[in-house]
Each structure stands twice: as C-alpha cells, then as structure tokens.
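Dear colleague,

Please find below the structure that I am handing over to you. My findings follow it.

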Amino acid sequence: MFQYMELDFTKWNYSLGVTLMSRQMTVDVAMPDLKKPDDQKHDAVPGRARKTETVTGTLGKAVSLLELIAFAEKPMRFTDVVEACGQPRGTVHRQLSHLVAEGLIDHAADQTYAVGLRLLQLAAKAWSGNDLRSIAAPHLAALQEATQESVHLAVLNGGQVTYLDKMEGKQSLRMHSQVGKTSPAYCTGVGKAALSLLAIKDLAGVAAGLDFHRFTQNTLITPEALIEDVSAIRKNGYGFDLQEHEIGIHCVAAPVRAPGRNFYAAISVTGPAYRVDLEQLRKWGPLVRETADKIAAELAFKLSPVAGG
C-alpha cells in the first residue's frame with residue numbers, strides 16, 4: 001500500500017489544522033466563512049478564529065477558546081484571550097482551566113497558552129482516517145512522478161482553502177503551502193478550482209463577500225474577475241495560478257468532483273515560474289484534470305453506500 005508521509009508530531013500547525021478542519025469542514029461548506037485574509041494581518045488572533053456570532057453552551061465556549069489559542073499568530077496570555085473572545089473573565093478562566101485539565105491546552109511558565117499534547121492524538125486519528133487523502137495519495141504520487149513538480153490536495157474552507165496533502169517535487173520550493181495551512185481561495189489554483197464546483201449562485205455570494213487583497217500584480221481583486229476566471233475553469237476542467245498569490249510561483253489545478261459529499265476539493269501541480277511557464281502548464285492541464293477525475297471516480301466507488309456490499 002502506498003504511504004506518502006509520516007505524521008510529524010512536532011509540527012503544531014500541521015496537526016492542528018487537520019484536526020480542527022475535520023470538525024469545521026461540514027459547517028464551513030454549508031455556510032461559508034467569509035473572513036478576510038487582511039483581517040489576519042494586525043490581530044493577535046487570525047480573522048478565522050474570531051467569533052462574531054454568539055456562542056452558546058459550555059462546549060461551544062470551550063471550543064471557541066481552543067480555536068483562539070490554536071490559530072493565534074503569537075502566544076496568548078489570559079488578558080489576550082479575554083479581549084479576543086469577548087466572554088466574561090470568570091467564564092474564560094473556568095473554560096481555560098477545564099481545557100488545561102483535559103490536556104487540550106498547556107499553560108506555560110511565561111503565562112501564555114499553547115495547544116496541548118492531547119490534540120496531537122486527536123490529529124493523528126483524524127489524519128489516519130481521512131478517506132479523501134488516502135484515496136487521493138497514489139494518484140497524487142503518479143502526478144508528481146509524471147511532472148517532477150510539487151502537487152497539492154486541498155479542500156474549500158469558506159473563502160479559503162486548507163491544504164490536506166502535499167508532495168514535494170524533485171527540487172523543493174519555498175512556498176506558503178503546508179499541510180493544515182490555509183490560503184485565500186481567490187488567488188490560488190486549488191482555491192479557484194474548488195470554487196468552480198459551487199453553483200453559480202453560491203459562487204456569486206462567496207465572491208461578493210470577499211475582501212480582496214492584492215498579493216502581487218497578478219492577483220484578482222474583484223468579484224467579477226474571480227467569477228470570470230472560475231467560469232473558465234468550470235468550462236475547461238482546469239485553471240491556473242500565474243503568480244497571483246506568490247511571486248515566482250505558477251500552478252495548474254483541477255477540481256475533484258464528489259457529488260453528495262460535504263467537501264469541495266481540488267488538486268494542483270506547482271512549480272517555479274522560471275521553469276514552469278504557461279505553455280507547460282497548458283500541456284499538463286489535461287493530465288491534472290484526468291488525475292482529478294480518477295480520484296473522483298474512486299471516491300464515488302469506495303465511499304458509496306453500496307461499495308463493498
């Protein structure tokens with residue numbers, strides 16, 4: 001059986017992204033989180049971790065605090081958590097005490113909070129049982145072998161994409177992408193490809209709610225431009241990221257169709273612009289689309305109600 005990578009228990013973001021993503025995926029797809037990438041620039045807590053709605057119930061409040069700490073850009077003290085979550089100090093203190101007692105967060109000597117070791121156990125369980133990743137892995141390996149460049153598997157998570165798998169090319173690149181991390185959907189190949197799976201009405205709603213940030217001169221910065229690009233992907237079965245998120249990075253991506261599932265996924269081949277030009281991306285386009293279709297076909301068979309019956 002193909003095995004791609006061994007879970008690295010020292011990478012907090014890697015493990016936490018996969019664990020918490022599995023809990024959020026269904027809700028985020030049904031009701032897209034339109035938090036803006038720019039919201040994360042100056043806050044101690046990224047925009048996606050902030051709770052704008054009223055969180056009710058003991059469990060909901062505890063999970064809210066866990067997310068604040070897990071996705072914070074820097075370690076948070078008690079006063080930071082209170083300020084960010086908007087809950088009463090007494091409630092925050094009780095919830096944090098419970099989370100520490102359960103091993104879900106740690107309270108360091110410098111009085112800051114960090115995710116706890118118990119979450120790594122949960123992450124490992126979620127990772128090993130992820131059907132999409134396990135089914136896609138051998139197909140991604142074949143695609144990486146054929147192109148010799150890095151390949152990705154990602155799922156739509158509101159207005160962003162979360163990387164579920166990554167296989168490095170023969171010549172490793174320094175890229176933002178990392179398993180468990182997120183990127184804006186509107187300026188990444190996998191993001192736009194995953195958006196192409198949405199109904200036109202839903203796509204328009206997501207695009208209208210985004211706060212576009214120009215990462216490079218090529219970044220799409222209007223709903224109209226995004227919808228036009230995504231429509232072309234829907235028509236052709238694949239699309240491109242031409243230095244839209246990172247300078248010097250090109251990619252070609254295709255959606256993974258999985259009707260009836262609670263996720264929208266896509267795969268991509270990514271390489272440096274100096275080595276992988278648009279002509280090369282166009283040559284790879286049909287191969288990437290074919291690989292995505294193979295993953296979709298296997299998903300439909302292995303995860304169908306009658307599979308194995």
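This is a predicted model, and its mean pLDDT is 78, with 73% of the residues of the protein at 70 or more. Residues 1–55 have a pLDDT below 50. In the model this stretch nevertheless has 122 contacts beyond near neighbours in sequence. Where pLDDT is low, the predicted coordinates should not be read in detail.

As to the overall make-up, the protein has 309 residues, of which 52% count as buried. It contains 10 helices and 9 strands. Of the contacts between residues at least 6 apart in sequence, 62% join residues at least 24 apart. The accessible surface amounts to about 14900 Å², and carbon and sulfur atoms account for 53% of that area.

I turn next to the interior. In soluble globular proteins, nonpolar side chains tend to be buried together. The largest nonpolar core here has 30 residues. Those that touch the most other members are Leu132, Leu140, Val252, Val256, Ile267, Val288 and Leu299. At least two residues of this core come from each of the helices α6 (131–147) and α10 (278–302) and from each of the strands β4 (150–157), β5 (160–167), β8 (249–256) and β9 (265–272). A second core, separate from this one, has 23 residues, among them Ala194, Leu198, Leu226 and Ala266.

Strand β5 also holds Tyr163. Tyr163 counts as buried because its relative accessibility is 6%, under the 20% cut-off. His152 is 11 residues from Tyr163 in sequence, and their C-alpha atoms are 7.0 Å apart in space.

The aromatic rings deserve a separate paragraph. A pair of aromatic rings is described by the distance of the centres and the angle of the planes. A search of the whole structure gives 2 aromatic pairs. In the pair of Tyr186 and Phe212, the ring centres are 4.8 Å apart and the planes stand at 65°, so the pair is edge-to-face. This pair links distant parts of the chain, since its two residues are 26 apart. Tyr186 is in the loop between β6 (182–184) and α7 (189–195), while Phe212 is in the loop between α8 (200–209) and α9 (223–236). Tyr186 and Phe212 are both buried. The pair of Tyr238 and Phe240 is edge-to-face, with 5.9 Å from centre to centre and 75° between the planes. Tyr238 and Phe240 are likewise both buried.

You may also wish to know about the cysteines. A disulfide is a covalent bond between the sulfur atoms of two cysteines. How many disulfides does the model contain? The count is 0. Cys187 is buried, with a relative accessible area of 0%, and Cys251 is buried, with a relative accessible area of 4%.

Finally, a word on the backbone. Most residues other than glycine have a negative phi, and most peptide bonds are trans. Gln148 has a positive phi, near 65°, and is not a glycine. Gln148 lies in the loop between α6 and β4. Its relative accessible area is 31%, so Gln148 counts as partly exposed, a class that runs from 20% to 50%. Gln243, which is not a glycine, also has a positive phi, of about 55°. Gln243 is in the loop between β7 (239–242) and β8.

With kind regards

How values were computed
Residues are numbered from 1 along each chain as its sequence is written. This is a predicted model: local features need pLDDT of at least 70, side-chain atom pairs count only at pLDDT 80 or more; totals for chains, interfaces and linings use all residues. Side-chain values use heavy atoms; hydrogens and water are left out. Rings of Phe, Tyr and Trp (its six-membered ring) pair if their centres lie within 6.5 Å; planes under 30 degrees apart count as stacked, over 60 as edge-to-face and the rest as tilted. Helices (H or I, at least four residues) and strands (E, at least two) are DSSP runs, numbered from the N terminus. Buried means under 20% relative accessible area, exposed over 50%, partly exposed in between (1.4 Å probe, protein chains only). pLDDT is the predictor's confidence in each residue, from 0 to 100. Contact means heavy atoms within 4.5 Å. A nonpolar core is a set of buried Ala, Val, Leu, Ile, Met, Phe, Trp, Tyr and Cys residues joined through side-chain atoms within 4.5 Å. A disulfide is a pair of cysteine sulfur atoms within 2.5 Å. Accessible areas come from the Shrake-Rupley method with a 1.4 Å probe; for residues, only the protein chains shown count as cover.
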